[in-house]
Amino acid sequence: MQQRVTAILVARSGAEYLERTLAALDAQTRRPELLIAVDAGSGDLSGQLLAASVADRLVAARDKSTFGQAVALAVEAAPLAGTDNEWLWLLAHDNAPEPEALAQLLAAVEIAPSVSVAGPKLMRWSQSDVIAEFGESMTVFGRSLRLVEGELDQAQHDVQNDALAVAAGGMLVRRSVWTMLGGFDPGLPSIDAALDFSVRARLAGHRVIVVPGARIASAGGPEHFGRPSLRETRRTRITRAAQLHRRLVYSPPLALPLHWLSLVPLAIIRSLLHLLAKRPGAIGPEFAAAFRTAFGGLSVARARRNLRRTKRLSWQAIAPLRVSWHQAAEQRAHRNDQPFDATASDVHERVGFVGGGGIWAVVAVGLIGLIAFGGLLGSSALTGGGLLPLSADLGSLWEKVGYGWRGIGAGFVGAADPFAHVLAVLGSMTFWQPSVSIVVFYFLALPVAALGAWYCARRIGSHAWSPALAAVLWAVAPPLLESLNGGHLGATIAHVALPWLVLLALNGKRSWAAAAGAALAFAGVAASAPVLVPALLVLWAAWLVASPRGAHRLLAIPLPAAALFAPLVFDQIGRGNLLALIADPGVPTAGATASGIQLVLGAPEGGSNGWTLLLERLTLPSAAGPFVVAALLLPLAALALIGLFLRGNARAIPALAVALLGYVTAVLASRIDVSSIGAEPVGVWAGSGISLFWLGLISAALVALSSIGRAANGSAVLVGVASVLVSIPLISAGLLGASDVRPAPERLLPAFVDAEAEARPDVGTLFLTPQTQDAIEVDLQRGRGTGLDDQSTLDATATTLNQSDAQLATLAGNLASRGGYDSARDLDELAIGFVVLVEARGEEADAMFTRAREALDGNPLFVPVGETTSGLLWRYVQGDDSPAPSGPGNTDTVYGAVILAVQGLIVGLTVLLAIPTTRPRRHSPAGSGEPAKTFDEESDD
């Protein structure tokens, strides 16, 4: 019986493709008996082209009709032939068949009467030798996939015949089967519509085949029907919604409630997997698809009734045509192994870590660090400057994060510094003895800083040796060595992390993992050196503006830092002291205020980077120190400034802008006092700003070295040698006894107090330090002493005394002088068991020291213990062992628990996103991309 073919051509705003498609239809060696054209609400000349074509009938569909709905309208308009040998040939405006396409399809179904659906080999629109799609299938869990796509057509797949499904574009389907199955499922308006139809045809007892000899050019997939472009998030939502819809439709009746209840929990689990796979953009579509499927009306019920009406075979009958896990994995591996397109990205030849001298630079500065801090070897903890040991166990360390009781001084309830999280992470690395982590960090600081600078500089310099030079310059930079010698742990961590932050932020515009890593580095730098936050935000905003295509990845970089800072910000707002947010975390340390010139020379506390002391010991004029430093730094400064006038100054300008921003930060920091030690004001450490200043200078110098030709080698040697020489006094500070950092003693408090603290962990020790003849500094420590993780900027920057602090001040004043004040009640309430009178320093404090000693000796509440390394010790003997004042822990209040949960969620998700779990996806060959503009996409309604 003669075959009768009705070709159905559906167009929506596809005029740029339609002329070729119509010409291809007219050129068929076997022409269809009837051509029905459907205009699905075109906004261009498609309707006019269809009207002027050889189409026998023109049908108008409503604007938002899907491809399946448009085909259904055409089928209704087509007269019945009264035979079972009538076929429908489905085409979209961008499906241009080759002359033999229809003939090949009809020949294939003619010799196989059981075949009711046949599909062609879809080729790329602009690359006729590359397969766009050839057959469809699904995995065990229902995920759809194309059997062949993106391969060069060398007839390697022409041996296959049977397939689980074929694409909608170019599908040849028996009209009776189309009518019996009810056409495409309205619940699948685009993606998987043809797959579902083919599956239902299979289950109804019909065969589905692919015909390799029938070739049709195609410009995209069904989700692009009538659209010039499609966001990836929308494509992801449509794909996932189609999979979930089919899962509910295909599931057995008893399993349907379980599948429905699992939609949202699975969305949560898959969202975590999307984070691990660096697809955060898929999280929103994942939940949207789950909720839309769960509460999407009656589409699932209608589809299940339709499937039940036509189903004749069991699911086991089509199981051999499904794709196994092994086959799916092979297909993914094949896609990942597609040739890389160098024109698709700015990848360039990179310097190797060994070949480029990186390993030697890291080893060299590691040896320098070993020399500089060799006296700390064997220590289990460090003290001096801004350092103190950490808590003895990991639990105590993590109890200090979040919001809760702060045990410093008389104690109070408030937010922890974000730096507490940094200390907790650092201490966890040596969980058996957290304080050891700081010792280890001191020996790793220089090589890790060099490593970060090496990788960062590889993105800037053009010479093979440029990264190694940058690594050395950054590792021996004066601000880093000054911070290490002064015990400024936060500033040291910030200096070490800055190159990593820059590197990750530069890569973050293309990589979710790098952007998440930049967010973690940003949080670490901000928590360690809050004074840098304004500068970092300015640089982040500038990078957003400069990278509009990657802005969606860079936008959330400050989010983890904001989560860590938020509780402290609220507390400081409540105190009316927002400026205190830039206070250095850790032990407040007073220092000299540096002038602007001294800051330019890299001296955050004034002086000349140790050269004055070194020249004195060498019996040379110490006044020459600043001039020596200026002369040694002149090559670096000159090279950085020269970059403005050389080729490539477009890169030098941003680098010098970073340097200027760092210098302004250092100057402002050195002029702001936000805390105090007794009556002495304490400013913000300027070293962090100088680190940013140094980063900009080194970057600008590398840019200049890339542009000065033959003079680069000699200039690099001069800059490298001079920069190392300028730091010689700082490197040798530990050997010369000029460093504030030293190994911590076994006990922070006198032995008598330490022994008592074993039995009474919360016993208080009151330290009285005479300042002047009328002033005394008060410090209350608990247990075995206050650690670094006990410090709080809320306490250090307080401008008023709370009730406990006022009580403590009153008690200290009365203990330091004779009078009739009964101190027992205050001593008991504050659980104070000991008083230490620190030896006076200076003639002004001698009178206060004498008066306080006499008052304590004459106080019947105390028994003198004797002289200790901390000062004169007295024991309170009439106490009732009252417990120390305490408050809620970081999880004991709803507010504290919510803070920890939110911080943990944000940081945890960022860590998941930052973990590199997959290798980078390779680009397809140049020119292989296709404009995505074909079949139907569900409407926005």
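Tutor: Helices here are DSSP runs of at least four residues, numbered from the N terminus. The model is predicted.

Student: Where is the place of Thr-797?

Tutor: Helix H33 covers 793-796. Helix H34 covers 803-815. Thr-797 therefore falls outside both runs. Its place is the loop between H33 and H34.

Student: Is Thr-797 buried or exposed?

Tutor: Buried means under 20% relative accessible area, exposed over 50%. Thr-797 has a relative accessible area of 4%, so the residue counts as buried.

Student: Which residues is Thr-797 in contact with, leaving aside its neighbours within four places in sequence?

Tutor: Contact means heavy atoms within 4.5 Å. With those neighbours left aside, Thr-797 is in contact with Gln-572, Asn-577, Ala-580, Ala-583, Val-674 and Ser-675.

Student: Turn to strand E19. How many of its residues are buried?

Tutor: E19 spans residues 764-770. In a regular strand, side chains alternate between the two faces of the sheet. On one side of E19, Gly-764, Leu-766, Leu-768 and Pro-770 are buried. On the other, Thr-765, Phe-767 and Thr-769 are buried too, and the count is 7 of 7.

Student: Which residue in E20 stands opposite Leu-768?

Tutor: E19 and E20 run antiparallel, joined by 7 bridges. They form a hairpin with 5 residues between them. Opposite Leu-768 in E20 stands Val-778.

Student: Which residue in E21 stands opposite Leu-766?

Tutor: E21 takes in residues 832-837. E19 and E21 run parallel, joined by 5 bridges. Opposite Leu-766 in E21 stands Val-835.

Definitions and conventions. Residues are numbered from 1 along each chain as its sequence is written. This is a predicted model: local features need pLDDT of at least 70, side-chain atom pairs count only at pLDDT 80 or more; totals for chains, interfaces and linings use all residues. Side-chain values use heavy atoms; hydrogens and water are left out. Helices (H or I, at least four residues) and strands (E, at least two) are DSSP runs, numbered from the N terminus. Buried means under 20% relative accessible area, exposed over 50%, partly exposed in between (1.4 Å probe, protein chains only). Two strands pair if DSSP finds at least two bridges between them.
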